[in-house]
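Grab a pencil and work through these exercises with the structure open beside you. Try each task before you read its solution.

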Amino acid sequence: MAPSPAQPAPAPTRPLTLKPGTAWTDAWQRCLTVAPEAFRDENVLNLWAGTWRPDGRALPATSPVDGSPIAGPPRLDAATAHQAVRASLDQHRAWRHIPLPERRARVAATLDALAAHRELLALLLVWEIGKPWRLAQADVDRAIDGVRWYVDGVEPMLAGRSPLPGPVSNIASWNYPMSVLVHALLVQALAGNAVIAKTPTDGGLACLTLASALAAREGVPITLVSGIGGELSEALVRAPEIGCVSFVGGRDTGARIATAVADLGKRHILEQEGLNTWGIWNFGDWPALTAVIPKLFDYGKQRCTAYPRFVVQRTLFADFLAAYLPAVRSLRMGHPLAVAHPSDDLPALDFGPLINAAKAKELGDQVAEAVDRGAIPLHQGSLTDGRFLAGQDTSAYLPPVTLLNPPPSSPLHHAEPFGPVDTIVLVDTEAELLAAMNASNGALVATLSTDDPETYARLAPQIRAFKTGHGTPRSRGDRAELFGGFGASWRGAFVGGDLLVKAVTEGPDGERRPGNFPDHHLMP
């Protein structure tokens, strides 16, 4: 059973309309008003050497929400990227000597500016990466609240430490521009470093540009550039001026960066995906599982801490399905800004589109291929169940799918799908349970649902995930909560809490920082 092909959405009984004031043109005009130095006509600019510059070649881009045109990234060439990195080093050498109270004041002022434009930043996230309104607002709020925690408490974290020799280069995926990338940039700057960010290729450009403009106005030494990763990697990863490389993304790109930083002995933080799993063993609290399933589909599972794999004790499979299927059938999908009446609140959706139509097709093809090779479809949603504007482009949308026993030849068997596709594997023994939960050589999070605390205490340490929950989902976490990964899901320093500050500052000679390094693995 293949996913339904993308097609114009049928008109609902009561036709939906775009919420007034939320069109892309509305958001863009607000950007031109709020930060005219960073937005020009229909384009965004690159920021380096403290100046917004109309360099780079702007490429066309479309919104995953409805396929309409939005601003595309102004891609720099390699030579200009090297100039930007050298200019960032000059900023770094000045910024590292700015007293901490002044750095705190500038970052705090940036947070106030971000809070003042919270709704515009969230609206840009909706159009650029398809986040439902609730989740887009949460992404902005987590960035602001998380950095405020550091502003208030960073002084003891920096005791006896100094900034790095050069700026921190950040290369992050598109799915959390604010709560991951902007959060990291501001904490790195607070710790005394100039910061560089490459805009994600697939989305988040305008949101990051606005946030960077607000930070630059307060004197935070930020560089924001766009370009093709392969062309800019020599500057953003290998350049001698770079003091640390911070990466969030897939394993293939992460492995290439890991090789480069290892060859150069360069400090690094490389967060890569793993197949996060949820095990069910000697378990009976099915109402609790039913309640949590919709939350696991937030943003269509397009996040590094999503749970796309359930490993279920075979004798509990019928009970599992009775708890799981009603929940997955209740999921709410559609256009994040579509309302029945202009005065209505924006819809409370579990997810909207995938990041683009190509990803939706790729994942749909993987599902169809897995079924052809023997996977059993247990649930297949339909676009007709979604909330769409009449006739809108729905090519980036994929309804939820659940497959039993994806074949080993399928990418769905061993890799994170990054979309609303669940796979289920049945096991008969604890050894099979652990093997299936450790299928991807390390993960960021995992959960084991079992009624027996002793069973959890015995099995959880054998699950190769940085965080393991007992019947509850784990996440990246905020503020003091630490974050990292096991195996191939993480390379370099762990982050979160004081570890994020330690990762981007220099401490005592011979300091061994917690993380996965070529010569050691150290847990906090």
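**Exercise 1: Pockets**

α5 (133-157), α6 (177-190) and α10 each supply at least two residues of the lining of the second largest pocket. Before going on, note that this is a predicted model, where local features need pLDDT of at least 70 and side-chain atom pairs count only at pLDDT 80 or more, while totals for chains, interfaces and linings use all residues. Residues are numbered from 1 along each chain as its sequence is written, and side-chain values use heavy atoms, with hydrogens and water left out.

Task: find which helix gives the most to the lining of the second largest pocket, and describe that lining by class.

Solution.
- Step 1: know the terms. A pocket is an open set of points on a 1 Å grid over the protein atoms alone, with protein on both sides within 12 Å along at least five of seven lines, and lining residues have an atom within 4 Å of a point. Helices (H or I, at least four residues) and strands (E, at least two) are DSSP runs, numbered from the N terminus.
- Step 2: size it up. The volume is about 520 Å³, where a volume is the space filled by probe spheres set on the points, and grid points are joined across faces, edges and corners.
- Step 3: look at the lining. It has 23 residues, with Arg142, Tyr176, Lys295, Arg303 and Ser475 nearest the centre.
- Step 4: pick the helix. α5 gives the most, with five residues.
- Step 5: sort by class. There are nine nonpolar, four polar and ten charged residues; Ala, Val, Leu, Ile, Met, Phe, Trp, Tyr, Cys and Pro count as nonpolar, Asp, Glu, Lys and Arg as charged, and the others, Gly among them, as polar.

**Exercise 2: A helix and its span**

Task: work out what span helix α11 should have, and which of its residues are buried.

Solution.
- Step 1: use the rule. The expected span of a helix is 1.5 Å times one less than its number of residues.
- Step 2: apply it. α11 (residues 317-329) has 13 residues, so it should span 18 Å, and its end C-alpha atoms are indeed 18 Å apart.
- Step 3: list the buried residues (under 20% relative accessible area; exposed is over 50%, partly exposed in between, with a 1.4 Å probe and protein chains only). They are Phe317, Phe320, Leu321, Ala323, Tyr324, Leu325, Ala327 and Val328.
- Step 4: find their partners. These buried residues pack against several elements, including α10 (286-296), β19 (376-380) and β20 (401-404).

**Exercise 3: Two buried side chains**

Task: say where Tyr397 and Lys359 sit, and which backbone oxygen each side chain reaches.

Solution.
- Step 1: place Tyr397. This residue is in the loop between β19 and β20, and it counts as buried because its relative accessibility is 3%.
- Step 2: check its contacts (heavy atoms within 4.5 Å). Leaving aside neighbours within four places in sequence, Tyr397 touches Pro64, Val65 and Met333, among others.
- Step 3: find its polar contact, a pair of N or O atoms within 3.5 Å; within protein, one must be able to donate a hydrogen and the other to accept it, and residues adjacent in sequence count only if both atoms are side-chain atoms. The Tyr397 side chain reaches the backbone oxygen of Val65 at 2.8 Å.
- Step 4: turn to Lys359, in helix α12. Lys359 is buried too, with a relative accessible area of 17%.
- Step 5: finish the pair. A polar atom of the Lys359 side chain lies 2.9 Å from the backbone oxygen of Pro417.

Conventions. On a 1 Å grid over the protein atoms alone, a cavity is a set of points where a 1.4 Å probe fits but cannot get out, and a pocket is an open set with protein on both sides within 12 Å along at least five of seven lines; lining residues have an atom within 4 Å of a point.
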